[in-house]
Amino acid sequence: MFEEPEWAEAAPVAVGVELLTSRPRPTAAPQVKGRKRRQLLATLRALEAACLSQQLPSLPGSDSEEEEEVEKKKKRPSKVTFSSASAEVREKWKKKSQKQGPSHSDSEDKEGERKKYCKQALLGSDYAEDEKRKRKCQKKAPPNPTQHLDHADQAGHEAWKNSGTNDPPKPSPGSTSPTTPHTLSRKQWRNRQKNKRRHKNKFRPPHTSDQVPVETKTEETEMPPALRSDSHEARAGALRARMTQRLDGARFRYLNEQLYSGTSSAAQRLFQEDPEAFLLYHQGFQKQMKKWPLQPVDQIARDLRRRPASLVVADFGCGDCRLASSIRNPVHCFDLASLDPRVTVCDMAQVPLEDKSVDVAVFCLSLMGTNIRDFLQEANRVLKPGGLLKLAEVSSRFGDVRTFLRAVTKLGFKVISKDLTNSHFFLFDFEKTGPPQIGPKAQLSGLKLHPCLYKRR
């Protein structure tokens with residue numbers, strides 16, 4: 001009897017359309033609270049539209065209702081389905097690939113861009129808002145960047161797999177928060193990995209074409225090979241220097257013992273056979289002098305500077321001619337070997353000087369050997385009557401100073417002054433009184449001094 005009006009059939013269709021369009025959109029990123037809220041609002045609006053259409057029915061044949069429906073459809077934004085959007089994106093992508101040609105190196109980048117276009121077409125303005133939120137969250141650095149990147153990569157893959165379905169993405173097992181954290185895109189994650197590798201290889205030494213760089217876990221703690229070789233050479237050089245110093249010290253002690261335990265003629269032969277031995281001995285002697293609290297040669301030079309500069313001086317055992325360089329007097333320098341052009345090489349028991357030709361004879365730490373009597377007799381020969389004999393020796397060599405002074409006086413000298421205050425050296429001044437008072441075969445036990453031997457340190 002009664003036919004159903006058109007609005008009764010159109011109402012459920014409109015409701016169905018609104019319900020279909022209000023389905024949750026596929027998302028490429030993890031859901032947030034705003035997304036659920038928008039879905040609820042969409043369903044509420046659909047229900048309100050259905051209720052209004054039932055409350056305000058129009059006549060079945062009215063043209064005004066149809067016009068209103070057409071205007072509403074025009075004003076309403078068109079909903080894009082997943083299939084239509086993907087088809088449009090594929091067509092655009094095919095056109096681009098035909099123009100530019102295939103590129104194997106940029107395949108991953110193009111695939112990422114294609115997925116991005118799909119997301120934008122499906123989500124519209126909501127996707128732009130999500131991207132803004134992601135950028136804000138990315139500015140805040142995580143406490144552990146390596147764990148965050150690994151977790152972001154896994155979450156990103158899961159979100160992309162689940163984007164084609166209506167099911168919401170599952171949270172990863174590593175995340176403790178109720179909502180899934182914002183993830184990085186694949187391109188951003190790849191760029192971060194590249195930057196890390198560049199920073200790691202920045203301070204690494206360059207490799208040649210033949211060598212292949214091998215990354216190990218201990219590369220950061222190990223020293224570069226150049227520094228290791230330099231340190232090894234430095235240690236080897238220091239070891240060689242110590243060994244050379246010990247060897248030189250041993251040779252100096254040996255030469256010193258030979259000079260004190262033999263005659264002056266034997267010492268002269270030793271240095272003639274080995275000229276470098278005297279240089280080595282002199283270098284060791286200079287090192288020992290640096291440790292002394294007093295330099296006897298400086299004490300003698302200070303005393304001679306108070307005397308007239310016209311006095312002729314004979315320096316027995318001059319060494320490097322330090323005394324001749326310290327005073328203005330004419331000086332005859334004698335030694336077993338020469339370190340200076342002013343030195344006359346000879347045996348100090350037989351110097352090339354005429355009798356009674358000098359005013360001062362000096363023996364500064366040079367009464368070495370077993371023939372000390374010959375040295376003093378030679379000094380008596382070359383000295384003028386009333387000439388000055390100056391002696392300086394190591395204090396440890398004297399057993400009894402009185403017996404020594406008594407023996408010297410028997411060789412034609414008398415004691416003028418003596419200085420026994422120093423702990424290391426004794427200094428004596430004698431004046432020539434005449435020729436020796438005893439014959440050459442008479443023995444003088446007081447002239448035997450202890451050898452000055454250096455101990456191994």
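**Surface patch, salt bridges and ring pairs**

On the surface, Leu-41, Leu-44 and Leu-47 come together as a nonpolar patch, with about 270 Å² of accessible area between them. All of this refers to a predicted model, not an experimental one. Leu-41 sits in helix 2, which covers residues 33-55. With a relative accessibility of 37%, Leu-41 falls into the partly exposed class, because that class lies between the 20% cut-off for buried and the 50% cut-off for exposed. As for the spacing of such positions, residues three or four places apart in an α-helix point the same way, because the helix has 3.6 residues a turn.

Helix 14 is another story. This helix runs over residues 372-382 and is mostly covered, with 8 of its 11 residues buried. The buried set takes in nonpolar side chains such as Ile-372, Phe-375, Leu-376 and Val-382, but Arg-373, Glu-378 and Asn-380 are on the list too, along with Ala-379. Arg-381, by contrast, is partly exposed, because its relative accessibility comes to 26%. The side chain of Arg-381 is also tied up in a salt bridge to Asp-355, with the closest N and O atoms 2.4 Å apart. That contact links distant parts of the chain: Arg-381 belongs to helix 14, while Asp-355 lies in the loop between strand 3 (343-345) and strand 4 (358-364), and the two are 26 residues apart.

Turning to charge pairs in general, the whole structure holds 12 salt bridges. One of them joins the side chains of Asp-340 and Arg-342, at 3.0 Å from N to O. Here Asp-340 is buried, because its relative accessible area is 17%, which is under the 20% cut-off. Its partner Arg-342 is partly exposed at 41%. Another bridge brings Asp-303 and Arg-306 together at 3.4 Å, N to O. Asp-303 counts as buried at 19% relative accessibility, whereas Arg-306, at 64%, counts as exposed. This pair does not stand alone: Asp-303 and Arg-306 belong to a network of salt bridges that also takes in Arg-307, Lys-390 and Asp-429.

The aromatic side chains give 12 ring pairs. The rings of Phe-285 and Trp-292 make an edge-to-face pair, because their planes stand at 80 degrees, with the centres 5.6 Å apart. Both Phe-285 and Trp-292 are buried. A stacked arrangement turns up for Phe-316 and Phe-363, because their planes are at only 10 degrees, and the ring centres are 4.6 Å apart. The stacked pair also bridges distant parts of the chain, with Phe-316 in strand 1 (residues 313-316) and Phe-363 in strand 4, 47 residues apart. Neither ring residue shows any relative accessibility to speak of: Phe-316 is buried at 0%, and Phe-363 is likewise buried at 0%.

Back at the edge-to-face pair, Phe-285 and Trp-292 are part of a bigger grouping. Ring pairs link these two residues with Phe-252, Tyr-281 and Phe-425 into a cluster.

Terms used:
Residues numbered from 1 in each chain as written. Predicted model: local features only at pLDDT ≥ 70, side-chain atom pairs only at ≥ 80, totals over all residues. Heavy atoms only, no water. Buried < 20%, exposed > 50% of the residue type's maximum accessible area, 1.4 Å probe, protein only. Helix = DSSP H or I, 4+ residues; strand = E, 2+ residues; numbered from the N terminus. Patch = residues over 30% accessible without salt bridge, like charges linked within 9 Å, V, L, I, M, F, W, Y side chains within 5 Å. Areas by Shrake-Rupley, 256 points an atom, 1.4 Å probe, with all protein chains shown as cover. Salt bridge = Lys/Arg side-chain N within 4 Å of Asp/Glu carboxyl O. Phe/Tyr/Trp six-rings, centres within 6.5 Å; stacked < 30°, edge-to-face > 60°.
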